[in-house]
Amino acid sequence: MKRLVLINVVGLTPKLLKSAESVSTLASAPGYTALPWSSPLPAVTSTCQATMMTGLAPRDHGIVANGWFYPDTQEIRFWQQANSLVQGRKFYDDVETANMFWWFNQGSSVKYFATPKPHYGCDGSKVFDIIDQTGCNLVHKHGPFPFFAFWGPGAGLASSRWIADATATVMRTQKPQLTLCYLPHLDYDYQRYPDQDPARVQEVDQCVATVMNAADDIGADVVIVSEYGLRPVQRCVHLNRLLRGNDLLSVRGGPFGEMLMPGESRAFAVADHQLAHIYVRDPSDVPTVAKMLDQSDGVQSVFAPEDLELDHPRSGQLIALADPDAWFSYYYWDDDRHAPDFSRTVDIHRKPGYDPCELFKTSMPRVVARLLQKKLGFRYKMDVVPLDPALVHGSHGLHPDDSADGPIIIGPQDPPDDMRGFSDYVTRLLQSSPI
């Protein structure tokens with residue numbers, strides 16, 4: 001089998017590739033093709049990666065968003081890492097693989113992997129760390145993983161650089177047949193700012209070069225993919241507030257703010273960028289909820305799940321798509337004074353929806369004060385995230401109007417134009433020539 005490296009440059013598009021003149025060595029190499037390709041809906045990380053790994057639509061692999069409602073426990077849970085959640089065979093099964101920060105790493109069949117995983121204390125404390133099952137002692141060699149640069153107000157280049165350096169180390173040390181590398185750098189500023197600065201592409205290209213140099217050293221081919229392109233947005237739509245205003249959504253007040261009660265609600269939305277699953281308890285309410293949302297400003301259309309290949313038991317009874325210049329928040333409170341305490345923190349597992357406001361901070365003095373409290377051993381709450389959706393200027397989740405603004409694949413031997421063809425493509429490349 002041939003050695004192969006798959007580099008996921010999140011947010012890279014054909015237009016950005018051209019404007020930044022980046023990754024040009026690979027794009028222009030003889031036998032390599034760069035072309036747009038189609039993603040499933042929603043065009044978000046977990047769903048796209050599951051589609052690439054299995055070759056299946058979301059209705060079959062079950063990853064219908066980055067998070068969904070679990071009716072058996074009446075919980076909304078985002079960013080689960082268990083590989084068993086992905087239904088279907090993955091392209092790395094039966095292949096000696098190193099998975100460096102692609103999702104669904106835990107409990108997978110790969111031989112080597114590294115993934116983010118903090119430690120949680122019984123008193124609510126959290127210590128940032130990764131799970132390193134590469135045999136390379138990555139933290140000793142490269143220093144602690146820069147968690148604050150991976151997500152949150154400080155998210156930036158340092159995390160992608162660390163992942164690239166660590167990936168290169170694993171490749172040279174273990175020489176796996178297949179390596180997966182995840183570089184999230186473009187995802188951050190392209191959500192923060194309205195203009196997509198080509199300088200960010202040039203920065204992530206340095207990370208790509210690090211991995212490509214290691215690929216040359218072990219004789220591996222390289223394929224570059226992205227999951228989606230980000231588009232400018234000017235509006236935020238609060239679906240849960242709309243449902244609450246129509247007496248469909250229930251909350252519970254308390255000492256830590258209002259808490260969403262999904263099991264007690266007639267309808268609620270699990271918002272994920274520009275797509276939302278609408279869970280409706282009573283089937284007789286479905287037409288009313290669909291009509292109400294379809295007539296709401298910022299909502300492009302409302303679909304039955306089967307219309308979008310999302311008819312899976314994890315999906316909502318309805319699927320809402322945002323207008324191209326809008327995105328959906330998870331906010332369900334009507335007054336910020338009643339917002340839950342976690343809303344002002346970076347807390348991706350507690351929030352019942354995706355929150356891009358975690359990429360911003362209220363003020364640097366507030367951040368410094370909270371870090372000082374932590375250092376001195378006081379109890380503290382890292383409440384530094386603003387409740388201001390107007391700060392967000394980029395989003396994704398829909399199919400692009402122009403394929404030049406969507407995801408891209410760069411590789412040899414006729415790469416597929418749809419993510420569902422990627423699993424077969426990877427298998428074909430691995431079998432193309434001996435090591």
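This is a short conversation about reading a predicted model, from its core to its sheet and its ring pairs.

Visitor: Where should I begin? Which residues touch the most other members of the largest nonpolar core?

Guide: Start with a general idea: in soluble globular proteins, nonpolar side chains tend to be buried together. In this predicted model, the largest nonpolar core has 137 residues, and Leu6, Ile7, Leu178, Leu239, Ile278 and Phe422 touch the most other members. Helix α8 (residues 198-218) gives the largest share of this core, nine residues.

Visitor: Let me pick Phe422. What is Phe422 in contact with, leaving aside its neighbours within four places in sequence?

Guide: Phe422 is in contact with Leu6, Trp37, Met52, Phe91, Val223, Val225, Ile409 and Pro416. Phe422 is also one of the buried residues of helix α12 (residues 422-430), along with Ser423, Tyr425, Val426, Leu429 and Leu430. These buried residues span an arc of only 160° around the axis, so they sit on the same side of α12.

Visitor: And what covers the buried residues of α12?

Guide: The cover includes β1 (4-9), α3 (45-54), β10 (178-183), β11 (221-225) and β22 (408-412).

Visitor: Now for the strands. How do I read a sheet, and what is the order of the open sheet of eight strands?

Guide: Strands of a sheet pair through backbone hydrogen bonds, either parallel or antiparallel. Here the eight strands follow the order β2-β22-β11-β1-β10-β5-β6-β9, and the pairing is mixed. At the edges are β2 (32-36) and β9 (130-132), each pairing on one side only. From one strand to the next, the twist averages 15°.

Visitor: How many bridges join β2 to β22?

Guide: Five bridges join them, and the two strands run antiparallel. Look for Pro36, which stands opposite Ile408 in β22. You can then find α8 lying across β1, β10 and β11, where α8 runs at about 175° to β1.

Visitor: Last topic: how do I describe a pair of aromatic rings?

Guide: Such a pair is described by the distance of the centres and the angle of the planes. The count here comes to 24 aromatic pairs. Take Phe101 and Trp162: their ring centres are 6.3 Å apart and their planes are at 70°, so this pair is edge-to-face. Phe101 lies in the loop between β5 (97-100) and β6 (112-116), while Trp162 lies in helix α6 (residues 157-174), so the pair ties together parts that are 61 residues apart in sequence.

Visitor: Are Phe101 and Trp162 buried or exposed?

Guide: Both Phe101 and Trp162 are buried. Ring pairs link them with Phe128, Phe145, Phe147, Phe148 and Phe150 into a cluster.

Note on methods
Residues are numbered from 1 along each chain as its sequence is written. This is a predicted model: local features need pLDDT of at least 70, side-chain atom pairs count only at pLDDT 80 or more; totals for chains, interfaces and linings use all residues. Side-chain values use heavy atoms; hydrogens and water are left out. A nonpolar core is a set of buried Ala, Val, Leu, Ile, Met, Phe, Trp, Tyr and Cys residues joined through side-chain atoms within 4.5 Å. Buried means under 20% relative accessible area, exposed over 50%, partly exposed in between (1.4 Å probe, protein chains only). Helices (H or I, at least four residues) and strands (E, at least two) are DSSP runs, numbered from the N terminus. Contact means heavy atoms within 4.5 Å. The arc is that of the directions from the helix axis to the C-beta atoms. Two strands pair if DSSP finds at least two bridges between them. Axes are lines fitted to C-alpha atoms, for helices over the stretch in contact, and angles run from 0 to 180 degrees between N-to-C directions. Rings of Phe, Tyr and Trp (its six-membered ring) pair if their centres lie within 6.5 Å; planes under 30 degrees apart count as stacked, over 60 as edge-to-face and the rest as tilted.
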